[in-house]
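Student: I would like to go through this model by question and answer. Keep it brisk, please.

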Amino acid sequence: MGVSVVIATYNRLLPLAELLESLSKQTYKPTQIIIVNDGGSSVQAAVDAYPELPIEIIQLHENVGHVEARNIGVRAVTEDFIMLCDDDDLLLPCHIERMIANMNDADFVYSDVEIFHYRIENGMRIPTDRFLFAYECDLQAMRSFSTYVPSGSMYRRVIHDIIGYFDPYVHNYWDWDFFLRVAKEFRIKRVSTASVLYAFSNEGDHLSKQMNETRQMYLGRLSEKHELGDLPTKNFWLLLSEPEVQRRKAKSEIIWDGEPFRSRLAHSIHC
């Protein structure tokens with residue numbers, strides 16, 4: 001079964017190279033990797049470092065935003081299964097193989113993740129600490145707080161034919177919106193293995209910042225679209241400590257040895 005990996009990127013060459021390193025180590029090889037360069041600087045150096053990977057670059061001449069960039073990528077998919085990846089996240093070697101195995105009785109699968117903080121050393125991200133992000137797949141609870149991380153998730157391409165593409169109107173919450181839309185029509189399955197590594201910079205990340213007016217506007221749009229009512233606007237880490245979120249915590253298989261992913265690009269730059 002063929003797998004198309006879709007990556008939207010913008011000016012994160014070295015993390016992108018680490019993602020390609022992780023894709024090169026997969027026990028189940030993707031048959032198509034689409035990188036949508038959203039108006040950023042060239043990614044050719046990272047691509048050239050992995051000639052064995054079936055990479056196609058879609059170069060956008062202007063920045064259209066990460067949601068529409070993903071839409072452009074998935075429209076170019078040729079395989080029956082789509083896997084989404086953020087350009088700074090990582091997949092452990094067994095990841096695609098496990099996702100494919102779980103597609104037998106599902107249309108949409110996602111795994112648990114380990115969130116990792118890091119420092120940068122010699123062009124490589126060195127993990128400084130890690131946090132398991134694993135929660136039961138409770139479709140009703142997903143209407144109040146999303147525990148779906150899109151990186152590494154896999155689904156059948158036909159889903160887009162039925163429900164359409166990602167919605168730029170909700171911007172930051174495109175992934176939550178997509179999950180809720182899929183859940184109405186298709187079979188969703190959580191895979192209880194932490195085989196995705198979610199990058200979280202020590203300098204701060206969009207998840208850790210307090211809600212600003214723009215993000216509240218997008219959250220309001222999401223709520224109105226799905227009739228979710230008043231959604232909490234607390235900081236991400238504060239939300240994780242809420243009792244109703246804590247009750248959803250689940251056990252997961254942890255397989256990462258904590259070692260960083262050294263890309264060929266970083267190796268060539270710092271040798």
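Student: Is Cys94 buried or exposed?
Tutor: This is a predicted model, so read each value as computed from it. Buried means under 20% relative accessible area. Cys94 has a relative accessible area of 17%. That value is under the cut-off, so Cys94 is buried.

Student: How many disulfides does the chain have?
Tutor: A disulfide needs a pair of cysteine sulfur atoms within 2.5 Å. For Cys94, the nearest cysteine sulfur is that of Cys85, 13 Å away, and Cys94 is in no disulfide. Cys137 is in no disulfide either, with the sulfur of Cys85 as its nearest, 19 Å away. By this rule the count is zero.

Student: What class of exposure does Cys137 fall in?
Tutor: Buried stops at 20%, and exposed starts over 50%. The relative accessible area of Cys137 is 29%. This value lies in between, so Cys137 is partly exposed.

Student: Which residues does Ser22 touch, leaving out those up to four places away in sequence?
Tutor: Start with the location: Ser22 sits in helix H1, residues 13-24. Its relative accessible area is 0%, so Ser22 is buried. Its contacts, with that sequence exclusion, are Leu90, Leu91 and Phe261.

Student: Where is Arg125, and is it buried or exposed?
Tutor: Arg125 belongs to strand E7, residues 124-133. Its relative accessible area is 5%. With buried set at under 20%, Arg125 is therefore buried.

Student: Which residues touch Arg125 beyond four places in sequence?
Tutor: Acidic partners are among them: Glu18 and Asp88. The list also includes Arg119, Phe116 and Tyr118. The remaining names are Pro15, Leu90, Ile120, Ala199 and Pro260.

Student: What separates the C-alpha atoms of Arg125 and Ser151?
Tutor: Along the chain, Arg125 and Ser151 are 26 residues apart. In space, their C-alpha atoms are separated by 18 Å.

Student: Which residues does Val109 touch, leaving out those up to four places away in sequence?
Tutor: Val109 lies in strand E6, residues 108-121. At 0% relative accessibility, Val109 counts as buried. Its contacts are Met99, Asn102, Met103, Ser153, Met154, Lys189 and Val191.

Student: How far apart are the C-alpha atoms of Val109 and Leu139?
Tutor: The two residues are 30 residues apart along the chain. The separation of their C-alpha atoms is 13 Å.

Student: What is the C-alpha separation of Ser223 and Thr27?
Tutor: Ser223 lies in helix H7. Ser223 is buried, with a relative accessible area of 10%. Ser223 and Thr27 are 196 residues apart along the chain, and their C-alpha atoms are separated by 40 Å.

Student: Which residues is Ser223 in contact with, leaving aside neighbours within four places in sequence?
Tutor: A contact requires heavy atoms within 4.5 Å. For Ser223, the residues that qualify are Leu228, Gly229 and Leu231.

Student: What is the phi of His171, and where does His171 sit?
Tutor: His171 is not a glycine, yet its phi is positive, about 45°. At 26% relative accessibility, His171 counts as partly exposed. Its place is the loop between helix H5 (158-163) and helix H6 (174-185).

Student: Is Glu227 buried or exposed?
Tutor: Glu227 lies in the loop between helix H7 (213-226) and helix H8 (236-240). Its phi is positive, about 55°, although Glu227 is not a glycine. Its relative accessibility is 69%, and the cut-off is over 50%, so Glu227 is exposed.

Student: How many helices and strands does the chain have, and what is its radius of gyration?
Tutor: The chain has ten helices and ten strands. The globule rule gives 18 Å for 271 residues, and the chain comes close to this, so it is as compact as a globular protein of that length. The radius of gyration is 18 Å.

Student: What share of the contacts joins residues 24 or more positions apart?
Tutor: Count the contacts in the chain with a separation of 6 or more. Residues 24 or more positions apart account for 76%.

Student: What percentage of the residues is buried?
Tutor: The chain has 271 residues. Its accessible surface comes to about 12100 Å², and 49% of that belongs to carbon and sulfur atoms. Buried residues make up 55%.

Student: How far apart are the centres of the positive and negative side chains?
Tutor: There are 28 positive and 39 negative side chains in the chain. The centres of the two sets lie apart by 3 Å.

Key
Residues numbered from 1 in each chain as written. Predicted model: local features only at pLDDT ≥ 70, side-chain atom pairs only at ≥ 80, totals over all residues. Heavy atoms only, no water. Helix = DSSP H or I, 4+ residues; strand = E, 2+ residues; numbered from the N terminus. Rg over C-alpha atoms; globule rule 2.2 N^0.38 Å. Buried < 20%, exposed > 50% of the residue type's maximum accessible area, 1.4 Å probe, protein only. Areas by Shrake-Rupley, 256 points an atom, 1.4 Å probe, with all protein chains shown as cover. Lys, Arg positive; Asp, Glu negative; His and termini not counted. Charge placed at Lys NZ, Arg CZ, Asp CG, Glu CD.
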